[in-house]
Amino acid sequence: MKLLEVKNVKKSFDDLEVLKDISLEVSEGQVVSILGPSGSGKSTLLRCMSMLETVDGGTLTYCGKTAVKDAKYATKSELKEIKSYFSLVFQSFNLFPHYSVMKNICDAPIHVMKRDKEEVAKSAEVLLKKMGLDSKADYYPYQLSGGQQQRVAIARALNMKPKMLFFDEPTSALDPELTAEILKVLKELAEEKMTMVIVTHEIAFARSISDHVVFMDGGVIVEQGAPADVIDNPSNDRTRAFLKKLE
Ligand code: ADP
Ligand code: MG
């Protein structure tokens, strides 16, 4: 089943065309990685997919439901339903600094999604345990390492019970040691068949975890396909040049 279909998406900031004609699909249980140089439009694409930015053209369809077509968005109530299908994990964690770990994880499910407080708290406990943070429920973000903060952010995203997770360079603010910690969590989620779209510069990781790899440059998808093709055997010069620089 297709969980996400991006078709001919376009996005400009004033005169700058940042996304030119982006099309990709994500099926249930798949991990899709997005690679590409800085400024190629990866974050903008994730922000458009998460509806933090509006698109200027094209179609976004989630689980068969159209969120936007030719720049016309669905109704508020339809969008509310669609937005419950996904969560985004940011590069810089974006936790609420004045909320405890527990409150960070429970706030949106209780106050935005109106779910039962006890049920939300219970699932938060399970998620904290899974993230190895069960002793940190009452801590505040500033008392945690970057890796721990990012694990809280992942627990927060999971506690929304999304059908898919989007990650924007989830390890780029972290030291190598803490990066490994987060990559391990992502690997476990992939093994559990969580559907994920991950923007990353960790090529070896993308190679090992992805079902599908997308390479972006200059606001277009230059190349996409199986990791064995795009990463090991790229057909495009720009992909080859980018991968060579990272070696
Ligand atoms: P990436 O994540 O691949 O590094 P971005 O999507 O962040 O790329 O940025 C793509 C281009 O869009 C860059 O040239 C950036 O400066 C520009 N851009 C991103 N967000 C905005 C914005 N809110 N206003 C104006 N320009 C933006
Ligand atoms: Mg970015």
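User: Which residues are around ligand 1?

Analyst: In this predicted model, the residues around ligand 1 are F13, L16, V18, G36, S38, G39, S40, G41, K42, S43 and T44. Two elements give two or more residues to this shell: β2 (16-27) and α1 (42-49). With three residues, α1 gives the most.

User: What makes a residue such as G36 count as being around the ligand?

Analyst: The test is that its C-beta atom, placed from the backbone, lies within 6 Å of the molecule. G36 is listed around ligand 1, so its C-beta position meets that cut-off.

User: How do the residues of that shell divide into nonpolar, polar and charged?

Analyst: The shell holds three nonpolar, seven polar and one charged. Gly counts as polar and Lys as charged under the scheme used, so G36, G39 and G41 go with the polar residues and K42 is the charged one.

User: Why is α1 called mostly covered?

Analyst: Six of its eight residues are buried, namely K42, T44, L45, L46, C48 and M49. Buried asks for 20 or more other C-beta atoms within 10 Å, so each of these residues reaches that count. Just after α1, M51 takes a positive phi of about 60°.

User: Which residues of helix α3 are buried, and what covers them?

Analyst: Helix α3 spans residues 101-111, and its buried residues are V101, N104, I105, C106 and P109. The cover over them includes α4 (117-130) and α5 (146-158). As a general point, an α-helix has 3.6 residues a turn, so residues three or four places apart point the same way.

User: Why is D229 called partly exposed?

Analyst: D229 has 14 other C-beta atoms within 10 Å. Exposed would need 12 or fewer and buried 20 or more, so a count of 14 falls in between and D229 is partly exposed. D229 lies in helix α8 (residues 227-230). In sequence D229 and V213 are 16 residues apart, and in space their C-alpha atoms are 8.9 Å apart.

User: How do you know that S208 is partly exposed?

Analyst: The same reasoning works here: S208 has 14 other C-beta atoms within 10 Å, between the limits of 12 and 20, so S208 is partly exposed. S208 sits in helix α7 (residues 203-209). K187 is 21 residues away along the chain, with 9.0 Å between the C-alpha atoms of the pair.

User: What makes the whole chain as compact as a globular protein of its length?

Analyst: The chain comes to nine helices and 11 strands. Its radius of gyration is 18 Å, close to the 18 Å that the globule rule gives for 247 residues, so the chain is as compact as a globular protein of that length. Along the principal axes, its C-alpha atoms fill a box of roughly 50 × 45 × 35 Å. Buried residues make up 40% of the chain. Of the contacts between residues at least 6 apart in sequence, 63% join residues at least 24 apart.

User: What does UniProt list for residues 4-243?

Analyst: The unreviewed UniProt entry lists them as "domain: ABC transporter". This span is 37% helix and 28% strand, and its end C-alpha atoms lie 27 Å apart.

User: How confident is the predictor in all this?

Analyst: The mean pLDDT of the chain is 96, on a scale from 0 to 100, and 100% of its residues reach 70 or more. For the complex, the predictor gives an ipTM of 0.98 and a pTM of 0.96.

How values were computed: Residues numbered from 1 in each chain as written. Chains lettered and ligands numbered in written order. Predicted model: local features only at pLDDT ≥ 70, side-chain atom pairs only at ≥ 80, totals over all residues. Helix = DSSP H or I, 4+ residues; strand = E, 2+ residues; numbered from the N terminus. Contact = placed C-beta atoms within 7 Å. UniProt positions renumbered as here; feature names shortened; annotations may be inferred. Rg over C-alpha atoms; globule rule 2.2 N^0.38 Å.
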